[in-house]
Amino acid sequence: MPSNSKNIIDSGQPSPSALTTASLRAAHELLDEPIVLTDPIALKILGPETEAALRQDPFRMNDPISRSSRAFLIGRSRFAEDELAHAVAQGICQYVILGAGLDTFAYRNPHAEIGVRVFELDHASTQQWKRECLEKAGIALPDSVSFVPVDFEHDTLAERLAEAGFHADQPACFCWMGVTVYLTRQAIIDTLSFVASQPAGSSITFDYRVPASHLGSIERFVVDIVEKEFTDAGEPWLSSFEPEQLQQQLKELGFSHVEDPGPEAINLRYFSRRKDGLQTGTLWRCVCARV
């Protein structure tokens with residue numbers, strides 16, 4: 001899964017956005033009701049100091065931008081885990097998380113007892129950082145999870161997964177969240193092509209950014225500010241997709257079913273009739289593509 005050389009993902013450094021993402025997910029446990037995604041270790045994995053600070057003042061992550069970001073992060077995770085539940089019901093027992101960061105699924109895996117194995121792919125340095133976070137939090141590594149270190153510039157998914165015991169002759173469910181925006185379009189298509197080549201029944205759930213033309217003037221102004229902050233932090237946004245064109249391209253790659261519900265459907269599915277008004281914005285979308 002190659003990436004652009006300007007991206008901090010290439011450098012082997014832990015992504016600055018990974019901790020922010022984890023913190024926003026944890027804030028959901030403290031601020032929002034009802035809970036959309038129950039995650040009993042979202043706070044613990046942050047480490048004692050960060051957890052304590054967030055518990056003391058969770059409202060520092062409740063400004064309008066953080067609220068919208070939090071809604072999308074929670075919505076995309078719920079969307080991905082709903083797809084996994086569907087896959088497991090079809091007998092699939094391999095779950096591959098691409099660019100896992102501080103994702104917590106493997107440590108609260110409700111399907112572990114029936115043999116669902118989780119493969120977490122990320123840079124070795126990011127994985128080492130995560131192992132340290134887990135150890136400090138007292139979160140044990142279950143036998144059902146495998147850390148798969150990847151050099152995003154030189155390695156291929158097929159090679160690294162095979163070395164980790166992935167069964168290429170069996171279908172798998174892939175999750176790819178918070179990554180595509182940092183990659184070139186060709187790198188994204190290469191990864192999607194790999195998943196499309198997997199056995200029938202395989203699927204991938206991922207998120208992507210839409211072009212600025214899809215945004216209102218206020219949202220576009222806010223996005224420009226946020227995008228500059230990411231660029232200054234070494235994580236420039238490199239790609240975006242027109243939803244209709246992406247859906248067509250996925251079908252051309254060989255996916256038989258493509259679901260791209262859009263923000264209105266995501267809000268209706270996960271955030272309707274809430275007293276707190278939690279809603280996701282229009283910048284990001286989620287897709288599930290099945291082979």
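**Exercise 1.** Are aspartate 39 and arginine 108 buried or exposed? Describe how their side chains are related and where the two residues lie in the chain.

*Solution.* The model is a predicted one.
- Step 1: aspartate 39 and arginine 108 are both buried.
- Step 2: their side chains form a salt bridge, with an N to O distance of 3.4 Å.
- Step 3: aspartate 39 belongs to the loop between helix 2 and helix 3, and arginine 108 to the loop between strand 1 (94-98) and strand 2 (117-122), so the pair ties together parts that are 69 residues apart in sequence.

**Exercise 2.** Analyse the salt bridge between arginine 70 and aspartate 32.

*Solution.*
- Step 1: the N to O distance is 2.8 Å.
- Step 2: arginine 70 sits in helix 4, while aspartate 32 sits in the loop between helix 2 (16-31) and helix 3 (48-56); with 38 residues separating them, the pair links distant parts of the chain.
- Step 3: arginine 70 is buried, and aspartate 32 is buried too.

**Exercise 3.** Classify glutamate 51 and arginine 55 by accessibility, and place their salt bridge in helix 3.

*Solution.*
- Step 1: the side chains meet at 2.9 Å, N to O.
- Step 2: both residues are in helix 3, four residues apart, which is about one turn of the helix.
- Step 3: buried means under 20% relative accessible area. Glutamate 51 has 16% relative accessibility and therefore counts as buried.
- Step 4: partly exposed runs from that limit up to 50%. Arginine 55, at 48% relative accessibility, therefore counts as partly exposed.
- Step 5: elsewhere, Arg25, Asp39, Glu81 and Arg108 are joined into one network by salt bridges that share partners.

**Exercise 4.** Determine how helix 7 (residues 185-196) is oriented against helix 9 (residues 243-253), and which residues make the contact.

*Solution.*
- Step 1: the axes are 9 Å apart, and the packing angle is about 45°.
- Step 2: the two helices are therefore oblique to each other.
- Step 3: the crossing of helix 7 past helix 9 is right-handed.
- Step 4: helix 7 contributes Arg185, Ile189, Leu192, Ser193 and Ala196, and helix 9 contributes Gln249, Leu250 and Leu253.
- Step 5: by class, these residues are five nonpolar, two polar and one charged.

**Exercise 5.** Repeat the analysis for helix 4 (residues 64-89) and helix 10 (residues 262-270).

*Solution.*
- Step 1: the axes come within 11 Å and cross at roughly 80°.
- Step 2: helix 4 is therefore roughly perpendicular to helix 10.
- Step 3: Gly75, Arg78, Phe79 and Asp82 of helix 4 meet Ile266, Arg269 and Tyr270 of helix 10.
- Step 4: the contact has three nonpolar, one polar and three charged residues.

Terms used. Residues are numbered from 1 along each chain as its sequence is written. This is a predicted model: local features need pLDDT of at least 70, side-chain atom pairs count only at pLDDT 80 or more; totals for chains, interfaces and linings use all residues. Side-chain values use heavy atoms; hydrogens and water are left out. Axes are lines fitted to C-alpha atoms, for helices over the stretch in contact, and angles run from 0 to 180 degrees between N-to-C directions. Angles under 35 degrees count as roughly parallel, over 145 as roughly antiparallel, 65 to 115 as roughly perpendicular and the rest as oblique. A crossing is left-handed if the near helix is turned anticlockwise from the far one by less than a right angle, and right-handed if clockwise. Contact means heavy atoms within 4.5 Å. Ala, Val, Leu, Ile, Met, Phe, Trp, Tyr, Cys and Pro count as nonpolar, Asp, Glu, Lys and Arg as charged, and the others, Gly among them, as polar. A salt bridge is a side-chain nitrogen of Lys or Arg within 4 Å of a carboxyl oxygen of Asp or Glu. Buried means under 20% relative accessible area, exposed over 50%, partly exposed in between (1.4 Å probe, protein chains only).
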